[in-house]
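Student: I am new to this structure and would like a close look at a single part of it, with enough of the surroundings to place that part. Please go slowly and connect each step to the one before.

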Amino acid sequence: MYRDKKRDWYLKGDALLEEIAHTRAADEGIAVWYTGQCGFVLRQRCIIYIDPVLNDISDETGVSLRWYDAPCAPEQVKTDYVLCTHGHADHLAQDTVRGIAMANPQALFIVPGACKEMLLSCGVMDNQILEAVSGKEICLPDLTIIPVATAHPDYETDETGREKSLAYYITCGGISVLHLGDTSLTRRLVSDLKRCGRPDILMVPVNGSDLFREQRNIIGNMSATEAALLAKELGADLTVPMHYDMIKGNTASPLHFVEALWEADAAMKTALPVPGERIIYQKPYRQLSGHSEGAPGSGKACRDMIQEVQVENTGL
């Protein structure tokens, strides 16, 4: 964990919302805004909010845990889709979901099946909720989504067998975005993700985990080094680290990830957007022109890293 540091927004309020509303991306591109923690807005043929947290998060004494405030009220959001990766408050924020649902009765909320009751309790209508299942492709008018099971920290289901935590491989207008939510790195995850295909944009958690955070009931995720090796393994064109800057006591320096990615492959691209900053991503010319980039990696780097983690965890 690095020194907690308060941040501010590049754009917020009406300025941010107007930019989202008026941005237009070509079929070979997509607009992306970072909204903190694992939150992003995607704009292509439609507007997609992923893991939005637009309300305060406080501890048991009522003290705010956010290092920076929310950019707008949930009721101000205009969106077509909301994707939540799991039920934790910094990913499925109930006040945020409630406000967005009230302002967007046409919006579709896509969540792991185990999170459906949580949405219903927030006032989201049953016909607005789509239960995502790992490996079962979701085909919608503007996009397709392949849910992938994630380990946070283990692969878990509820008493009816519905998954609790998912990643989403989203394809919209020819651009693929892979959002991993919260997850540890496992052999199964690498295998499942490689079956989805090479992502244009990879959004990956980098805050890691340790004993002291676990003692404070903070589960953690893969490390910066693991995230970098996974990005190389999947052949991501652009990798955006996440889950490192919003919650007090659970931060990490994204520069560790940048260094690890440079060590893994100095030719790989990354971006560190400020909250509220827009990124316009354009698919590389070599892909538009039909030139092959070759197959994703052999798997050795990730397999070696996972093996090291497993040996460490068993005390061998």
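Tutor: A word on classes of residue helps at the start: Ala, Val, Leu, Ile, Met, Phe, Trp, Tyr, Cys and Pro count as nonpolar, Asp, Glu, Lys and Arg count as charged, and the others, Gly among them, count as polar. The model before you is a predicted one, and with these classes in hand its largest cavity can be described: the lining divides into seven nonpolar residues, one polar residue and no charged residue. The residues in question are Leu16, Ile20, Thr35, Val41, Tyr49, Leu54, Pro71 and Cys72, and the space that they line comes to about 30 Å³. The structure holds one cavity of 30 Å³ or more.

The second largest pocket has a volume of about 350 Å³, and its lining is made up of six nonpolar, eight polar and four charged residues. Of the 18 residues that line this pocket, Asp90, Asn217, Ile218, Ile247 and Asn250 lie nearest its centre.

Now to the chain, and from there to the part that I would like to examine closely. The chain has nine helices and 14 strands, and 54% of its 316 residues count as buried. Among contacts between residues at least 6 apart in sequence, 68% join residues at least 24 apart.

The part for our close look is an open sheet of seven strands, whose order is E7-E8-E9-E10-E11-E12-E13 and whose pairing is mixed. Strands E7 and E13 (269-270) stand at the edges, and because each has a single partner strand, one side of each is left without a neighbour in the sheet. Helix H6 (residues 224-234) packs on this sheet, where it touches E10, E11 (201-205) and E12 (238-242), and the direction of H6 makes about 155° with that of E11.

Starting from the E7 edge, we can follow the pairing strand by strand. E7 (residues 138-139) runs antiparallel to E8 (residues 144-149), and two bridges join them; the two strands form a hairpin with four residues between them. Within this pair, isoleucine 138 stands opposite isoleucine 145 of E8. E8 is in turn joined by six bridges to E9 (residues 166-172), again antiparallel, and here isoleucine 146 has tyrosine 169 in E9 as its bridge partner. From E9 the sheet continues through five bridges to the antiparallel strand E10 (residues 175-179), where histidine 179 is the bridge partner of tyrosine 168.

Strand E10 also contains serine 176, a residue that rewards a closer look. Which residues does serine 176 contact, leaving aside its neighbours within four places in sequence? They are Tyr169, Ile170 and Thr171, together with Arg198, Pro199, Asp200 and Ile201. For proline 199, which lies 23 residues away from serine 176 along the chain, the C-alpha atoms of the two are separated by 5.2 Å. Serine 176 has a relative accessibility of 6%, and therefore it counts as buried, the cut-off for that word being under 20%.

Definitions and conventions. Residues numbered from 1 in each chain as written. Predicted model: local features only at pLDDT ≥ 70, side-chain atom pairs only at ≥ 80, totals over all residues. Heavy atoms only, no water. Pairing = 2+ DSSP bridges. 1 Å grid on protein atoms, 1.4 Å probe; cavity = no way out; pocket = protein on both sides within 12 Å on 5 of 7 lines; lining within 4 Å. Points joined across faces, edges and corners; volume = space filled by probe spheres on them. Contact = heavy atoms within 4.5 Å. Axes fitted to C-alpha atoms, helices over the stretch in contact; angles between N-to-C directions. Buried < 20%, exposed > 50% of the residue type's maximum accessible area, 1.4 Å probe, protein only.
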